[in-house]
Amino acid sequence: MSKDKSLVIVESPAKARTISKFLGKDFTVEASIGHIRDLPQGAKELPEKYKSEKWAYLGVNVDEDFQPVYIVPADKKKQVSKLKSLLKECKDLYLATDEDREGEAISWHLEQVLQPKVPVHRLVFHEITREAIENALHHPRKIDEALVRAQETRRILDRLYGFDVSQLLWRKVGPKLSAGRVQSVAVRLIVDRERERMAFRSATYADLIGTFSPADAAKFNAVMVSYSGRKLPSGKDFNPKTGQLKDANLLLLSEAEAVDLAERLRAAKFAVTNIEVKPYREKPKPPFTTSTLQQEANRKLGFTARRTMQIAQSLYENGYITYMRTDSTSLAKEAVAAARDLVRQEYGAQFLFPQERTYATKVKNAQEAHEAIRPAGHPFQLPGNLKGQLTEEQFRLFDMIWKRTIACQMADAEKRRVTVTIEAEGAIFQASGTTIDFEGFLRAYVEGSDNPDEELAQQEVLLPDMKINQNLVCHELQGKSHTTQPPARFTEASLTRTLEELGIGRPSTYASIIDTIQNRDYVFKKGNALVPSWTAFSVIRLLEEHLASLVDYAFTAQMEDYLDSISRDETGFKDYLQKFYFGIDGSPSSEAIGLRPLLESKVKEIDARDTSRFSLGLVSEDDRASEVFVRVGRYGPFIEQGERKASIPGVVPPDEITLEKALELLEQAAKGDEPLGYCPVTGKPVYVKAGRFGPYVQLGHIDDEEKPRNASLLRGMTVEDLNLEVALRLLELPKDLGVHPDLNESIIVSNGKFGPYVKCGSETRSLPAGLSPLDCTFDQAIELLAQPKAAGRGRAAKREPIKIFEPSPITGNPVQLLDGRYGPYVTDGETNASLPKDADPSELTLPQALELLAARAAAGGTKKRPTKKAATAAKKTAPKKKKGAKKKSTKKS
């Protein structure tokens, strides 16, 4: 068979489909579906010859120049076999993975695993358009070994840091915790902000707001800024740690004093004493980088960093935008020309900046060879023309990218800030207004803000025309009280911006970092804010006190510089890893000791109890025994005062656990030690307890021989609703209502995780709203069980697919859209992938479904569980062990 085709390998099926449109019949385009090789997840995945080595758990031979041991994961072997088979029929190989470090590493691994005997070319392009693909084909290059070494060094470094430090956390803080080069620093930032909030002391101050107007003109508000020659304070004039004024000369008014002053000034004659006009210009922001795209999508669209990157990836792979992992703000000449043409066409020549705007990248180690994120191709497609081709989320993100790119070549906005000073009887008021004389780039794009007050201040506020010495009518004077606010918690957007400003990590990894710290329960969300858990406090305290350099902002940024110098072939990666892990012999510096000897010295030194205990203060200054602590235990945080203990309910932010709140929880727990009453049948006490997941009732004492019986409160029920009768009825659940006349099995009514239900054998039905499990009768249960099973949660009757698509190119099975327990999802028979929360199932297309499945498979996939029938068949066909066969002895690693 003649080999007349070329094989092109990319990462994802979506990218493969888009590229194949431009390449034609002479090329076969196939996806690797992400990385095909990686470090093992533990010693059990290592080849047998390495399992007895001391370094086996790392998957990196730290004794031989940090040689990594790579394996092909089980779920990638089928695809690797397919690629090898395709390669046998092709005349040459083009590796067209992404142009960043990860993409370069995927290409290198493909070459290592496939061992091609045909010419190999590396294709690089930053947008998937016909012109870009053809240009890449005419200018192929070799794999960049320096870039590969840089990615490999990062991967090894993260493995050494993550695995070894995580093991220390398991021993000293709790199981299933993790540490990471960027992850731990991100958690420290969030914990530091919460510490600032906990140390914050609020202050209250008051001022006057007056409503004025010239005769027969519009009203406007002005704020009193001084009285009798003394300036009134604002929030920034108070010490956040003491709540006291920084400057004693300021006039601090109480609300009552402000109201009294307002009464005295009502009859005063107010006049304009000064008008200050300051013209200024506002320049457009640069086009998007990865980081600024994540920030703006979070602020304006409400997308998480993870969701933003998923949507951006789909837009890139389908040819709508340029590559979405970039630190650069530069644009190609063709892109600048396309943007300027659109400004003339859509907004008019007066909105075009006279010269081409260029933007210098401020981020350290930015890869200037890359472009900013922009619409693909030239001329740019208009968003309105793509509405039928994109999902709602894709359209919103593309529209934002398009507008930001166009705006960056538009004229400055011209504004005037007008400040009017008004005086009467020693009181000075000021009013500020902003007038937009020329919209400029604001006609296309207005950037979002992390601070709503700041955003409000930037809006146009018009003041009526006034002259100096002009008398004004005072319509109202109102004393208003203000309270200073603690520093705002980080959001995903502000955390991303801070990490980038500090030079920590790469913007392309921030989405996964934010996901990880939430999955590890270091952080939870309250609205849009990232709140640290007490576990995060414990971990950060341990790292700060014993491994300070690992969470030091400057040290971590310097580590990033070293890793980037490796990518530029300026630093040897082996020397750097040797220094980081083993240290420099004879150096007294803690940073030069090396990670492994440092951890070995700390195992005995660290007291787990001290690490996990946080003082809230003394109830009595003369009694150390009255000190109250928060302790982080194996089952969550709790309050401790001597022998007294109380659980901290739910997800209460650490800054809300004050000494007063802790004492309140201890009192509630003490009441839980007093029985609500006694069970008339067993004679055992019945308690109301406060647990980690809310209040519950308990029959019996923890010291009894028989384990106490617990029952959760019903949904909507409060502690105030409880009495002994209700508590005893809760403890009866699950309750046997009797034997079903047809099914001949007991009918059980119970209160489950997803609400109350009745069960008979394998049949279950949820109780309808309004029917309590305490009141459910035998007849009502019979009636419920006679009804068809609702297509809700649980193992309901098999449901028909919402949609059935063509077979998957990977598994050969039809791709189906199903309605699952947690919402709609797609499956190809082997992998399941949930639809995004805001996605409309009716609009889902086959390419979108394949894209979701590929992303899920690349992330480690959610595999379908085998049915009981299949599992039983597998057991029957499995080879049986011969009787008397001896077990092979295995060495412990």
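Which strand pairs with β12 in the antiparallel sense over 11 bridges? The partner is strand β11, which covers residues 413–424. The structure examined here is a predicted model, and this pair of strands is a suitable place to begin.

Within the pairing of β11 and β12, Val420 stands opposite Ala431. The two strands form a hairpin with two residues between them. Glu425 in this hairpin takes a positive phi near 50°. Strand β12, which comprises residues 427–438, is also joined to β8 by four bridges, and these two strands run antiparallel. In that second pairing, Val223 stands opposite Gln430 of β12.

The loop between β7 (204–213) and β8 (220–227) contains Asp216. Although Asp216 is not a glycine, its phi is positive, at about 55°. A further example is Ile33, likewise not a glycine, with a positive phi of about 55°. Such values merit attention because most residues other than glycine have a negative phi. Are Asp216 and Ile33 buried or exposed? Asp216 has a relative accessible area of 86% and is therefore exposed, since the cut-off for that class is over 50%. Ile33, by contrast, has a relative accessibility of 9% and counts as buried, because this value is under 20%. The position of Ile33 is in the loop between β2 (27–31) and β3 (60–61).

Attention now turns to Tyr94, which belongs to strand β5 (residues 90–95). With a relative accessible area of 11%, Tyr94 is buried. Which residues are in contact with Tyr94 once its neighbours within four places in sequence are left aside? They are Ser6, Leu7, Val8, Ile9, Phe27, His121, Leu123 and Leu137. For a sense of distance across the chain, one may take Tyr94 together with Gly594: they are 500 residues apart along the chain, and their C-alpha atoms are separated by 41 Å.

Lys176 offers a contrasting environment. It is found in the loop between α5 (145–172) and α6, and it is exposed, with a relative accessible area of 70%. Not counting residues up to four places away in sequence, Lys176 touches Trp170 and Arg520. Lys176 and Phe490 are 314 residues apart along the chain, with 25 Å between their C-alpha atoms.

The helices come next. How do α6 and α15 cross? The axes of α6 (residues 183–199) and α15 (residues 534–546) come within 10 Å and cross at roughly 110°. The two helices are therefore roughly perpendicular to each other. On the α6 side, the contact is made by Ser184, Val187, Arg188, Val191, Asp192, Glu194, Arg195 and Met198. On the α15 side, the residues are Trp534, Ala536, Phe537, Ile540, Arg541, Leu543 and Glu544. The residues of this contact comprise eight nonpolar, one polar and six charged.

Helix α11 (392–407) shows how a helix can be checked against its expected length. At 1.5 Å a residue, its 16 residues should span 22 Å, and the end C-alpha atoms are indeed 22 Å apart, which agrees. Of these 16 residues, 13 are buried, so α11 is largely enclosed by the rest of the structure.

The loop between α10 (333–346) and α11 contains Pro379. A cis peptide bond joins His378 to Pro379, with omega at about 0°. A second cis bond runs from Leu733 to Pro734, where omega is near -5°. These bonds are worth noting because most peptide bonds are trans. Pro734 is located in the loop between α21 (724–731) and β24.

Strand β24 leads into the last part of this account. Four strands form an open sheet in the order β24-β25-β26-β27, with antiparallel pairing. Why is one side of β24 and of β27 left without a neighbour in the sheet? Both β24 (735–739) and β27 (763–766) stand at the edges, and each has a single partner strand, so one side of each lacks a neighbour. From one strand to the next, the twist averages 25°. Four bridges join β24 to β25 (residues 746–752), and the two run antiparallel. Val739 of this pairing stands opposite Ser746 in β25.

Key. Residues numbered from 1 in each chain as written. Predicted model: local features only at pLDDT ≥ 70, side-chain atom pairs only at ≥ 80, totals over all residues. Heavy atoms only, no water. Axes fitted to C-alpha atoms, helices over the stretch in contact; angles between N-to-C directions. Parallel < 35°, antiparallel > 145°, perpendicular 65-115°, else oblique. Contact = heavy atoms within 4.5 Å. Nonpolar A, V, L, I, M, F, W, Y, C, P; charged D, E, K, R; others polar. Pairing = 2+ DSSP bridges. Buried < 20%, exposed > 50% of the residue type's maximum accessible area, 1.4 Å probe, protein only. Expected span 1.5 Å × (residues − 1).
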